[in-house]
Each structure stands twice: as structure tokens, then as C-alpha cells.
Amino acid sequence: MQAISVKELEKTFRVRRKEKGMRGSVQAILRPQTEEVKAVRGVSFGVDEGEMLAFIGPNGAGKSTTIKMLTGILYPDGGRVEVLGIDPAKRRRQLAYQIGTVFGQKEQLWTHLTPYDNFRFFGAIYDIPEKETERRIGELTERFELGGFINTPVRNLSLGQRIRCEIVASLLHKPKVLFLDEPTIGLDPVVKESVRSLIKQMNREFNTTIFLTSHDVGDIEKLCKRIIIVNAGQIVLDDSMEHLKYHYLHKKIVEVKMQEETTFPQVEGITILKHKGTYARLEVDTAAIEIGDALRRINAQAVEDINISNVPLENIIMEIYKAEGKDAAS
Amino acid sequence: MRRQEKNAGANVGVLGKREKYIGRRYGLPGRKYGVIYRSVLMENLQYAANIALGFFGYFVFIFIFIKLWDYIYQTPGELIAGYSKEQMIWYVMMTEMMWFGSNAGSVGRQVKTDIRGGNIAYLMNKPYHYTLYILTKYTGEWSVRLPMYALLAVMIGTMMVGPVPGFKIVAVPVMAACIILGLTINAVFKICISLLSFWIEDASPFQWLYDKLLLVVGTIFPVEIFPQALQPFFKLTPIYTVCYGPAKLIVDFRPDKCVEILAAQVLYLAAGCGLMFFVYRKGVKKLYVNGG
């Protein structure tokens with residue numbers, strides 16, 4: 001069963017235009033000019049119940065606008081959206097009981113209250129009986145290890161502690177779909193890892209559908225099995241992570257330390273990314289040359305140390321942004 | 001009831017039986033607003049000392065007006081626009097008490113900032129009505145401020161002016177109800193003005209006009225001070241129900257006037273709430289949240 005179904009979704013904003021300088025400012029008063037910006041252009045996709053999906057794209061690609069339409073905050077100009085069989089624009093409050101949202105850059109907790117008081121507040125907002133709220137607070141406090149600061153005002157918590165509390169607040173009513181917008185932004189690697197494992201655990205135990213947007217490739221790689229890339233308001237890629245890596249990982253990064261300074265031959269499929277003294281970093285396109293051949297060409301016998309790795313996912317995504325963005329924009 | 005059961009049914013599924021109650025209302029229908037109110041109260045109680053710092057401004061204001069009316073009322077027992085000197089000073093003290101005691105940011109600044117900054121997006125997707133959330137927050141804010149200013153007003157008034165002439169202690173509950181209704185009507189209209197931010201860049205000028213109208217006509221001077229021709233017009237504006245009505249009842253309580261003011265307040269509140277929900281429903285479709 002599909003948790004989210006989106007068909008031909010569209011959203012256009014009317015943005016004010018102003019010419020530069022004082023003259024432009026006066027003109028803007030006398031003859032205000034606006035232009036239409038198509039933020040989302042005919043986006044269609046579906047998300048299965050219990051799926052973990054990464055919905056990514058560069059800034060201004062339309063991902064936040066899409067999320068806002070999925071949660072009923074913005075009204076679509078065209079197309080159809082259904083989240084758990086509910087039209088978010090028509091029945092936003094009913095949908096609110098079944099979805100959770102975590103916006104890494106926005107606070108939903110009341111900063112002058114303690115996490116405990118906040119959780120009680122959210123329990124009441126979602127019409128959860130008091131006893132049940134208490135039980136869930138206890139359960140989530142243990143799981144998210146909040147015991148040490150559950151009675152400290154939120155304003156005095158570290159960012160990592162606050163984000164954990166934000167996630168707990170959005171899980172209290174056990175949402176079926178959780179929208180995470182940059183949940184790990186600004187966190188240190190240890191806390192990031194713990195937040196990721198908690199999200200994973202939640203998905204595994206409660207079959208919660210996860211809709212994630214993030215610029216952190218680690219979040220995408222470690223959490224999601226499917227990825228949708230949007231650019232200029234359109235979907236430019238909708239594929240499984242496995243497929244994405246298989247198709248795009250035809251390039252390898254070869255780092256070598258030679259026994260002595262050497263020059264590398266100009267061979268098709270081998271690009272020298274960096275060469276300084278005995279150290280070199282090469283990119284090998286395995287579609288053009290086999291890795292074994294490439295190693296022979298760089299004289300493997302003179303190599304003191306070698307490291308072969310895949311191109312980072314970040315670079316792959318960047319390439320897709322660049323390539324597909326041009327197509328989408330045109 | 002049928003709708004609630006339908007909602008509850010829709011939640012049974014992935015998470016099993018335990019989720020049955022989600023979407024149903026437990027306890028009183030307004031329970032969640034009660035909890036919002038309690039949370040704001042808890043938050044604001046931490047700032048009681050900060051609120052007390054505003055007492056100085058109130059005292060200076062009242063002191064100036066006491067001296068002003070002392071100067072204007074030259075003979076004892078003189079009446080101006082039907083008010084004795086004591087009544088006139090108590091009138092200003094009561095309206096100023098309401099002004100200072102309800103001068104919280106939720107209904108003006110917060111709504112405007114929420115809409116313009118896009119923060120409304122994160123408040124809208126909760127299972128409550130945004131405007132009622134703001135109204136409840138505002139009520140929680142003045143619930144801490146107003147009693148503090150009321151105590152101060154009574155102390156200053158008793159020491160510097162003497163008791164309110166003909167004050168009826170039995171009418172206190174009605175007066176309190178009238179003040180609460182007045183503050184709520186004021187909040188509803190201020191929210192309506194702030195909601196204009198959905199359409200225009202900045203609703204502050206309208207907010208400023210409304211505040212100043214309320215301050216000059218009705219807060220500093222009672223309506224009767226103004227020319228006879230203008231008075232019917234003022235009685236049709238929120239001024240009559242927001243500040244003039246409650247203060248008038250305190251300084252000159254009459255049962256017939258009380259019924260008239262309360263009836264006007266109920267009508268104004270109903271119309272104001274209708275307008276607030278309408279403007280919100282229309283405005284929310286115009287919402288433009290950009291960036292992140």
C-alpha cells in the first residue's frame with residue numbers, strides 16, 4: 001500500500017521584481033512588477049508504507065515546497081496529492097494526527113519549558129490520554145537516552161540534545177509518516193550517527209514511512225534505499241540507491257604513492273586529478289579502460305602504496321544536479 | 001460523533017490497536033487549548049520580575065494624568081462629560097491597566113512575524129487551529145500580566161485618589177467578565193489585522209492605526225469627552241466593547257448599562273471570530289513560504 005501518492009503536482013509562486021537602485025524602488029511603488037516562478041513542475045511519485053526515501057536536490061530545486069504541499073501547508077496549483085489516503089490541502093488537521101515533522105532548522109519545542117513539559121504538551125495537542133502520554137514519554141526517554149536532561153529547560157540544551165527531543169516530540173503520537181527536513185544539520189558525527197540509528201530503529205519497529213530531505217550524503221546513504229533527485233522543480237532521477245551506485249560508480253579514484261617521482265602517460269579513461277612529487281590521485285573511468293589495464297599503464301611495479309576507492313556519492317549527486325539541471329531548466 | 005469514530009478507524013493499521021484513539025477527542029473539546037494556556041502560563045511566570053519592571057512606566061503615566069485632571073477639575077464636585085474627577089482618574093487607571101496588562105506580543109508581532117518569516121508553516125501542521133492557538137497564547141500572557149497591573153492600579157488609586165465613588169463589590173465578577181471579553185475582542189481584531197500579512201508586505205501601519213485609535217478614543221479619554229456627533233460612530237467601533245465598556249462599568253456601574261455592554265461584547269466577539277476564521281481561511285491559501 002502506498003503511504004504517499006503524488007501525481008502531476010504543480011506549484012507556481014508570484015515573486016515581486018524590482019530594478020536596481022533608487023529608480024527601481026520608485027518604479028516598484030508606481031508600477032509593481034511580478035514574475036511567475038514555477039517551483040514544482042509536474043512532479044509524480046509514490047512512496048510505499050514503511051519505505052525510507054531520500055528526496056534531495058540543490059537549493060531552490062522545489063523539495064521544501066513539495067514537502068509543504070505533502071503536509072498541507074501549501075496548496076498545490078495543479079495535480080493531486082494523497083498522504084495515507086488523505087488530501088493534505090483539504091484535511092490538514094486530520095492528517096496532522098498521522099504524520100510527524102522534524103525541521104532541523106526550526107524549533108517546535110517551547111524553549112522555556114523542559115522537554116518533559118513539552119512532551120506532555122504535545123501529548124495533549126495530539127489528544128493522547130494522559131496515562132498513555134506518560135508511558136510513551138518513559139519509553140522514548142529510555143530509547144533516546146534523554147534521562148539526563150529531561151527536566152532541563154530546552155533553551156539550556158545542546159543542539160544534539162535538542163534535536164533528539166525534537167524527534168521524540170514528533171514521535172509521541174506514533175506517526176505513520178515522518179517528514180524529516182535536514183534532521184542532522186549542525187550535529188557532530190557521533191550525534192549524527194545516533195540520530196540516524198534511532199530513525200532506522202523506528203522504521204524497523206513501527207514500519208514508519210520516512211521522507212527525508214538532507215544535504216548530508218551520510219544521511220541519505222545510511223538511511224535510504226531509494227532516492228529521488230529534484231532540480232528546477234522536476235524529478236531528474238528516481239532510483240534505488242543500489243542502482244544509482246551501480247550505474248554511476250563506473251569511476252574509481254586511484255591514489256598512488258610511487259617509489260620515485262614519475263610522469264603518467266596520457267591515456268583515455270585516466271584523468272590526473274592531482275600530482276605532487278611521488279603522490280598522485282587519478283580518476284579511472286572503467287567504462288573506457290579496465291582497472292587492471294589502468295594499473296599496468298601507471299607502472300604498478302613502481303608503486304609504493306595504493307588505494308582504490310569509489311567516487312564519493314556526493315560527487316555523483318553533484319554531477320546529476322549539474323547534468324540534469326541543465327536539461328530540466330531548458 | 002460519527003466523524004470521530006471514522007477518524008479513529010482510519011488510524012488503525014500499521015501501528016495496531018493502540019492507535020485507535022488518535023484523532024478522537026479526550027476530555028473536553030477545548031482540552032488542547034487548555035494545555036496551551038497552561039504552558040504559556042508556566043513560561044510567563046518565569047518572567048514575573050521582568051513584567052514588574054514595566055510598573056514604572058505605568059506609574060509615571062498615571063501620575064501625569066492625576067496631575068492633569070487635578071488641574072482641569074478646579075472646583076470640588078465638578079462634573080466633566082458626566083464624570084467626577086475621581087471617576088475620570090479611575091477610568092484612565094482602569095483602561096491603562098488593561099492596556100499595560102495585555103500588552104503582549106502574540107497577537108500583533110508574532111502573527112506578523114510567523115507569516116512573513118514562514119514560521120507559520122511549522123505551526124499550521126499541528127492538530128489545532130492556528131488563530132485559536134494564538135488567541136490562547138495571548139490569554140496565557142495577559143493572565144500573568146493583568147493581575148499584577150490590577151494590583152498596582154488598585155494600590156495607586158486607593159492611595160492617591162481614594163476609593164471609586166459608588167463602587168459595588170458585588171458587581172466585581174461581571175466587571176471581570178467584561179474586562180476579559182474586552183481583551184479577547186481586542187485580540188481577535190488585532191489577529192485579523194495581522195492576518196493581512198498574507199496579502200500585503202507589512203500590516204504594521206494598520207496595527208499602529210488601530211492601537212492609536214484605541215489609545216486616544218476610549219483609553220485616555222472616555223467616549224463622552226468627544227463631540228456628540230462622533231459618539232454614535234465610536235459606539236459602533238471596537239472601542240466601545242474593548243476599553244470604554246469595561247472601564248465605564250467600573251467607575252459607574254448600572255445594571256442596564258452592564259447588559260448593554262455585555263450584549264455588545266458578545267455580538268462583537270461572534271462577529272470578530274467569524275471574520276478572523278474567514279480571513280485566515282482565505283489567507284492561508286495565499287501563503288508563500290520560500291526557502292527551506
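**Chain contacts, cores and a hairpin in the predicted model**

In this predicted model, 35 residues of chain A are in contact with 31 residues of chain B, contact here being C-beta atoms, placed from the backbone, within 7 Å. On the side of chain A that touches chain B, α2 (63–70), α3 (92–96), β5 (99–103) and α4 (115–125) each put in at least two residues; helices (H or I, at least four residues) and strands (E, at least two) are DSSP runs, numbered from the N terminus. Residues are numbered from 1 along each chain as written, with chains lettered from A and ligands numbered from 1 in the order written. Local features need pLDDT of at least 70 and side-chain atom pairs 80 or more, while totals for chains, interfaces and linings use all residues.

As for what's packed inside, the largest nonpolar core (buried Ala, Val, Leu, Ile, Met, Phe, Trp, Tyr and Cys joined through C-beta atoms within 7 Å; buried means 20 or more other C-beta atoms within 10 Å) runs to 135 residues. Leu53(A), Val168(A), Phe211(A), Leu212(A) and Ile191(B) have the most contacts inside it. Setting aside neighbours within four places in sequence, Val168(A) is in contact with Phe119(A), Leu140(A), Phe144(A) and Leu146(A). A second, separate core has 7 residues, including Ala280(A) and Leu282(A).

Then there's the hairpin: β8(A) and β9(A) have 2 residues between them, and Ala232(A) in the turn has a positive phi of about 50°. The strands (226–231 and 234–240) run antiparallel, joined by 6 bridges, where pairing takes at least two DSSP bridges. Val230(A) has Ile235(A) as its bridge partner.

Definitions and conventions:
Contact = placed C-beta atoms within 7 Å. Buried ≥ 20, exposed ≤ 12 C-beta atoms within 10 Å, placed from the backbone.
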